[in-house]
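Subject: Structure handover

Hello,

Here is the structure I promised you. Please open it alongside this note, which goes through what turned up.

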Amino acid sequence: MLFRSVMAVEYDADIVDSFNRAHGTGYAPRDVASVLASEVKDSKAELFHASPVCKNFSKANRLREPNDSDLVSAKAVAGVIRQARPLHVTIENVPAYADSELFTLITDALNEAGYNWRQTIVDAADLGAPQRRRRLIVQATLGGSLPSLPQKQTPGDWYKAVV
């Protein structure tokens, strides 16, 4: 299934520049907290993808406690789900995020809005990426069945990816 890009929200300018070059878009960096549910709804986006702030849940952070920006990010994602109700939602994060109150805010929004959803942990290398990186993936849809998960692939070649 292919989707047309109608909006992107990322605060890191380098990531936004890379996305724009790869996809021929002209998005500007911005924070997820600035996204209004009405923007998403008015864009008629069929797929809303979110990667809420997660560095406080990474293995590098031993405390794994959410801060104010984590809470704002999760509430923004939950607000879009409840109010804009895009047909499909995907969420990506570190596996430890699944055990947080922030994740519960988001999954409660999915349940309240009537989404059929699942969560799984994948290793990016199993999907052809040139690195091992475990990620929490949520797939959600309104009024339909979820697509099957991709078949396991051979990891990509890191040397070819950087040359």
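Arg 82 is partly exposed, with a relative accessible area of 36%. Keep in mind that this is a predicted model. The side chain of Arg 82 meets that of Glu 112 in a salt bridge, 2.7 Å from N to O. Glu 112 is the exposed partner, at 56% relative accessible area. Arg 82 sits in helix H3 and Glu 112 in helix H4, so the bridge ties together parts that are 30 residues apart in sequence.

The structure holds 5 salt bridges. Two others deserve a look.

Glu 92 and Arg 135 form one of them, at 2.5 Å from N to O. This pair also links distant parts of the chain. Glu 92 is in strand E2 and Arg 135 is in strand E4, 43 residues apart. Both Glu 92 and Arg 135 are buried.

Asp 123 and Arg 132 form another, with the closest N and O atoms 2.8 Å apart. Here the partners sit in contrasting surroundings. Asp 123 counts as buried, because its relative accessibility of 8% is under 20%. Arg 132 is exposed, at 69% relative accessible area.

Side chains of opposite charge can pair when their charged atoms come close.

Now the core. The largest nonpolar core has 31 residues. Which of them touch the most other members? They are Ile 81, Val 89, Tyr 97 and Tyr 115. Several elements each supply at least two residues of this core. The helices are H2 (37-43), H3 (68-84) and H4 (101-112). The strands are E1 (47-50), E2 (88-93) and E4 (134-142). H3 gives the largest share, 6 residues. In soluble globular proteins, nonpolar side chains tend to be buried together.

Tyr 115 is a good residue to centre your view on. Leave aside its neighbours within four places in sequence, and Tyr 115 is in contact with Ile 81, Arg 85, Pro 86, Leu 87, Val 89, Leu 110, Ala 140, Thr 141 and Leu 142. Two of those core members, Ile 81 and Val 89, are on that list.

Leu 87 is on the list too. Where does Leu 87 lie? It lies in the loop between H3 and E2. Leu 87 is partly exposed, because its 38% relative accessibility falls between 20% and 50%. Beyond its neighbours within four places in sequence, Leu 87 is in contact with Glu 46, Tyr 115, Ala 140, Thr 141 and Leu 142. The C-alpha atoms of Leu 87 and Leu 110 are 11 Å apart, with their positions 23 residues apart along the chain.

Arg 85 lies in that loop between H3 and E2 as well. Its phi is near 50°, a positive value in a residue other than glycine. Arg 85 is partly exposed, at 41% relative accessibility. Lys 44 also has a positive phi, near 60°, and is likewise not a glycine. Lys 44 is found in the loop between H2 and E1. Its relative accessibility is 65%, so Lys 44 counts as exposed. Most residues other than glycine have a negative phi. Check both backbones when you go through the loops.

Next, the aromatic rings. The count comes to 3 aromatic pairs. Phe 19 and Tyr 27 make a tilted pair, 6.0 Å centre to centre with 35° between the planes. Phe 19 is partly exposed at 30% relative accessibility. Tyr 27 is buried, at 18% relative accessible area. Trp 158 and Tyr 159 make an edge-to-face pair, 6.0 Å centre to centre with 90° between the planes. Trp 158 is exposed, at 57% relative accessibility.

Trp 158 and Tyr 159 also belong to a nonpolar patch on the surface. Val 162 and Val 163 complete the patch, and the four have about 530 Å² of accessible area together. Val 162 is in helix H5 (residues 158-162). Val 162 is exposed, because its relative accessible area of 63% is over 50%.

One last item, towards the start of the chain. Asp 14 lies in helix H1 (residues 13-23). Asp 14 counts as exposed, at 58% relative accessibility. The C-alpha atoms of Asp 14 and Pro 29 are separated by 8.8 Å, and the two are 15 residues apart along the chain.

Best wishes

Terms used. Residues numbered from 1 in each chain as written. Predicted model: local features only at pLDDT ≥ 70, side-chain atom pairs only at ≥ 80, totals over all residues. Heavy atoms only, no water. Core = buried A, V, L, I, M, F, W, Y, C linked by side-chain atoms within 4.5 Å. Buried < 20%, exposed > 50% of the residue type's maximum accessible area, 1.4 Å probe, protein only. Helix = DSSP H or I, 4+ residues; strand = E, 2+ residues; numbered from the N terminus. Contact = heavy atoms within 4.5 Å. Patch = residues over 30% accessible without salt bridge, like charges linked within 9 Å, V, L, I, M, F, W, Y side chains within 5 Å. Areas by Shrake-Rupley, 256 points an atom, 1.4 Å probe, with all protein chains shown as cover. Phe/Tyr/Trp six-rings, centres within 6.5 Å; stacked < 30°, edge-to-face > 60°.
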